[in-house]
Structure formats: C-alpha cells, structure tokens
There are 2 protein chains.
Amino acid sequence: MTAALLTCDWGSTHLRAWTFDRQGREVARQDFDLGVNRLKPGEAGDRFLNEVRPALGAEGLPALLCGGVGSNIGWQAVPYVDCPADLPAIAAGLVSPAENVWIAPGIRCESLSPAGDVLRGEETQALGWLSADPARQAGRYLLCQPGTHAKWLVIEDGRIVRFLSAFTGELFAVLSAHSILRSDGKVHDEAVFAEGLDAAAEGDGLLNRIYSARSRVAGRGADQVSTGSYLSGLLIGSEVAATPRLLGLEGAPVVLLGAPALCARYATALARRGVETSHADGDDAVKSGLMALARIRGMI
Amino acid sequence: MTAALLTCDWGSTHLRAWTFDRQGREVARQDFDLGVNRLKPGEAGDRFLNEVRPALGAEGLPALLCGGVGSNIGWQAVPYVDCPADLPAIAAGLVSPAENVWIAPGIRCESLSPAGDVLRGEETQALGWLSADPARQAGRYLLCQPGTHAKWLVIEDGRIVRFLSAFTGELFAVLSAHSILRSDGKVHDEAVFAEGLDAAAEGDGLLNRIYSARSRVAGRGADQVSTGSYLSGLLIGSEVAATPRLLGLEGAPVVLLGAPALCARYATALARRGVETSHADGDDAVKSGLMALARIRGMI
C-alpha cells in the first residue's frame, strides 16, 4: 500500500496521525506528545513539518488536520462553522495554513447562555461515525463524546443541529490533583462509583453535592483513596442527568463515541437512569470523518 | 485590661487569635500563617505552645479553639455533635488535647446523600452571631457563610437545625489556578460578574454552564482576563440559586456572615433573585461565639 494522504486528530493534549492509501486503507499510525496546550506560540507548523511528516514518511503528502490545532492556541485560528453543520459545510470551511496542509474548522451553536458553545475535532469524529453507515444519514441521534470536555451532539438527517459541552473531565482532573478531594484515582471501585452516581441525583445543586465527597471522608470515615471513584460517579452522574434534559432529549438512546473504559462508565451511569446506550470507537470515527472530508475536497 | 482567656479560630488556611479580659473586652489580636492544611502531623500542639501563646503573652491562660484544628488533620479529632445543635451542646462537646486547652467540636447533619454534611468553626461563628442579640433567640434564620466551603445554616429558636455546604470557593480557586479557565482574578469586573450570574440561571446543568466560561473566550472573543469575574458570577449565582431551594427556604431573607467584599458579591447575586440580605461581620461573630462557649464552661 502506498500512502496518499496524511491525517491528524490534533487536540489539546495529544496528536494522533495516520496515513491512508487511495482506497482509504490505513497505512501507518503514530501518536505524538504535541497537544496544542503544550506548544509555544508559532511552533505548530515547524513541529508538523520536522517531526510529524518525517515520522510517517509523509513529507510530500496532502495533509488534513482537525481539532484544537485550528484554535487560537494552535497553528492558525480557523473560523467556526455555525450549526446546523454537515460534512460539506465543514469541508467548505477548511483553511490552509501552509502548502499542502488543511485544517478543518470547529463548530459553534447557540446554547444556554449568550456565550454560546463551541467544539473543535468532535464534529469530524461525529460526522465520521455518521458517514460510516448509510442508514445513519436519516433520523435523529444523540451522541455523547466523553473526554476533557464532553460533547453531546444532536444529529438530525445527517447534520449536527445543536450540541452542549460539559466540563466534567477537566473538573475531575483538577479536583483530583489540586483540591481537598485529591486522590490518585488509579483504582476504580465500581461500588463507590455507584455511590457517587446515587449522590448525583438529578444533577441539581452540584456545588453542594461535590462537598459530599469531603463529608463522606470527614464525617463518615470513608477512605480518602476512594474519593476518586466517588467523585467520578458524582460528576458523570450529574452530567448524564442534566445534559439530555437541557437538550430536550431526556430518555433518548445515546451513542457513546470514544475510549472504551470511559464510555463504559457513562453507559453504567445512563443505564441507571434507564437510558439505552451503544458504543462506537472514537478513533475509527475520526478516521472516517477525516477521509470523508478529504474526498469531498478532492485531496485523495 | 488584663487578659484572662485566649481564643483561636484555627481553620484550614489561617489561625486568628484573640485574648480577652474577664469582662469580655478584647485585649490583643494576632494572625498566624498556621492553617491546619499546612501543618505536619503532630505539629499543632508545639506550634500553639511555642508560637501562638508567647506572641499574645498568653502562656498561662485557658485557651479555647474552634475550627479545623479539631479535625483529623488538626491537633486532635474532636467528635462531631449532631444537629440540632445549640451553644450548650457545642460546649458539652469540648475536648482538651493538652493542659488548659479546649477544642470545640464541629457539627454534622443528614443531607442530600448518605454522606451527610459536616462543618467545623462555622457553628461557633453562627451561634456567636445568634448570642450577640437576645432578639435572635427566637424565630427562624437562614445564614450564609461564604468561604472556601460556604455553609448555609438554618437556625430555629436558637438551634442550628440543619445546614448545607457548597464547594464554591475552592472550586473557583482550583479552576482559576489550574484549568483552561485560569485567570489571576485580581480585577473584579461587576458587568462581567453579572454576565456570569445570568449564565448561572437556576443553577442546574452546572457542568454545562461552566464550559460557557471557555466558549465566551473561544467563540465570542471575550478577553481571558475577564474569565475570573465571569466564573465568580457563574459559581456564586449557581450556589445562591440552588442552595436555599434544597433547604426548602427559597426566597427567605439571608444573613450573610463573613468578609465584606465576598459577602457583597453574594448580596448582589441574591438581590438579582429578589432575596433580601443583611450582613454581619464574621470576626465579631466568632469572637462572640468563643466567649459564649467559654462562659458556659466556666473558663472565664
């Protein structure tokens, strides 16, 4: 197989790169510790040219990137596309920061406050999942993409019509590392996780409920090492209780798109609320999305 | 005036000490950077004997302490008193970790989850406020004590009958220091604070709403330096929307007890919800509470 296209999902913490041949078969893959949060201003282009391209033997190939690399802390700020957004709209918004390189735009929508809501990268993953099966082109889907900032997308007849972010992953990380609720979180205890899910209730009063992670230790003698599992349940439980309701889709089946271990926790949390879930692999989906965008733009 | 009693409000981040004469008049005050979060295990007693007592010329005086010094990371773990709790109940729970030293217990109550809720120090402040005016001995009051972990106390006829903590202050601190929402937070912008209050709405969906502090910068071009004021409004707004409702006291007047600048922000947030507030000084209240406990126990 001869590589014909280089693609990257270049987010805030990681860069995952793949090459594909003309038939869309994966030729090579490599991960880089080059998340845009770690880059110095102006550094992205050089690192891409001098590290990413050579590592995959992709010096001369057309390259398509998605994710935070298109933000103001990435390579070049690519304007957001407004919802509703489909693959052709994303493809039309590609920006070329250098010869033979294109970056996909993120998307933006109205939301709970005048601040609106934004995402970069998840649109390509979600639309890739959609493009992987023609049957998905019609009808409504609620997708959840867990992560540092979880994204909940409503897809109708092939278009992302609206979405809602949740700060859950980052909040868990900063509380576990820097607060009185710190714990290494390495051991996942399903029973304690379920305690946290129960404590989340309907997701209201979260500032009050978070404190229960402290009072179960201080007042009830729970072991501090279990705080991570409790907090994980409390936060994921709050997210899955509130977000579908705020999107007007309480009780609708949810497609979980992402890493299996984290998606499994969301599936547990949603099942406790009587919500059906299915799981799709996040890497497969983003690769499908990148290939679909490349084909629309005639890059391959 | 001759000092007859040494008292300390010894919390997680600070130690404030006062001496009083037999008539209850303040003789001296000094603050120490000896919060129990910063102490090594077993260190509290020595630091108290060798630093606090001499600094106030209080080597031989009876000493009464309240706050986190009575927790498992303080000097000695003093068992919680269960709600309802009044001054005599707190006084009966005093524990003496060393000669001529007593530590007041915290209190515990049932709450939103089986974890219950706990506090240490705020009970002495609240009951001190109550004891400062005989008219307050009857009737119901809703007290809010903003801080690292804000406490909302329901007081009926001189007793704390229940309370609810909120993680607001610590959450603001860790997000401002360690997350994508970081900002130095030194400049308080009232207009942006009000934006955050509006974005808090009824306090539901907080994980989603927190992300709006990011999207207003990434998607709407707001300056990152304003994120602190926005986040402050969003979190305080969420707290004041949810907590009284969860206590069954939505719309009830609130007595704000604490530092003027922070209480002023809570007053603004509550006023936007049509809630009347009054303000009382936290230092005065805790001194009254410590003196009242000392008198009940015959220490002075």
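Here are some questions and answers about how two chains of this predicted model meet and how some of their strands pair.

This is a predicted model in which local features need pLDDT of at least 70, side-chain atom pairs count only at pLDDT 80 or more, and totals for chains, interfaces and linings use all residues. Residues are numbered from 1 along each chain as its sequence is written, chains are lettered from A and ligands numbered from 1 in the order in which they are written, and side-chain values use heavy atoms, with hydrogens and water left out.

Q: How many residues does chain B bring to the contact with chain A?
A: Let's start with the word itself: contact means heavy atoms within 4.5 Å. Chain A takes part with 49 residues, and the number for chain B is 50.

Q: What area do chain B and chain A bury between them?
A: Buried area is the accessible area (1.4 Å probe) that two parts lose on being put together, summed over both. Carbon and sulfur atoms hold 63% of it, and the total is about 4200 Å².

Q: Which residue of chain A meets Glu110(B) in a salt bridge?
A: A salt bridge puts a side-chain nitrogen of Lys or Arg within 4 Å of a carboxyl oxygen of Asp or Glu. Two such bridges are found across the interface of chain B and chain A. In one of them, at 3.7 Å from N to O, the partner of Glu110(B) is Arg220(A).

Q: Which strands are at the edges of the open sheet β5-β8-β9 in chain A?
A: Strands here are DSSP runs (E, at least two residues), numbered from the N terminus, and two of them pair if DSSP finds at least two bridges between them. The open sheet of chain A has three strands with mixed pairing. An edge strand pairs on one side only, which here gives β5 (81-82) and β9 (117-119).

Q: Which residue of β9(A) is the bridge partner of Cys109(A)?
A: Strand β8 (residues 107-109) of chain A pairs with β9(A) in the antiparallel sense over three bridges. In β9(A), the partner of Cys109(A) is Asp117(A).

Q: Which residue stands opposite Cys144(B) in β13(B)?
A: Strand β10 (residues 140-145) of chain B runs antiparallel to β11 (residues 150-156), joined by six bridges, and Cys144(B) stands opposite Trp152(B) there. β10(B) also pairs with β13 (residues 254-258) of chain B, in the parallel sense over three bridges. In β13(B), the residue opposite Cys144(B) is Leu256(B).

Note on methods. Helices (H or I, at least four residues) and strands (E, at least two) are DSSP runs, numbered from the N terminus.
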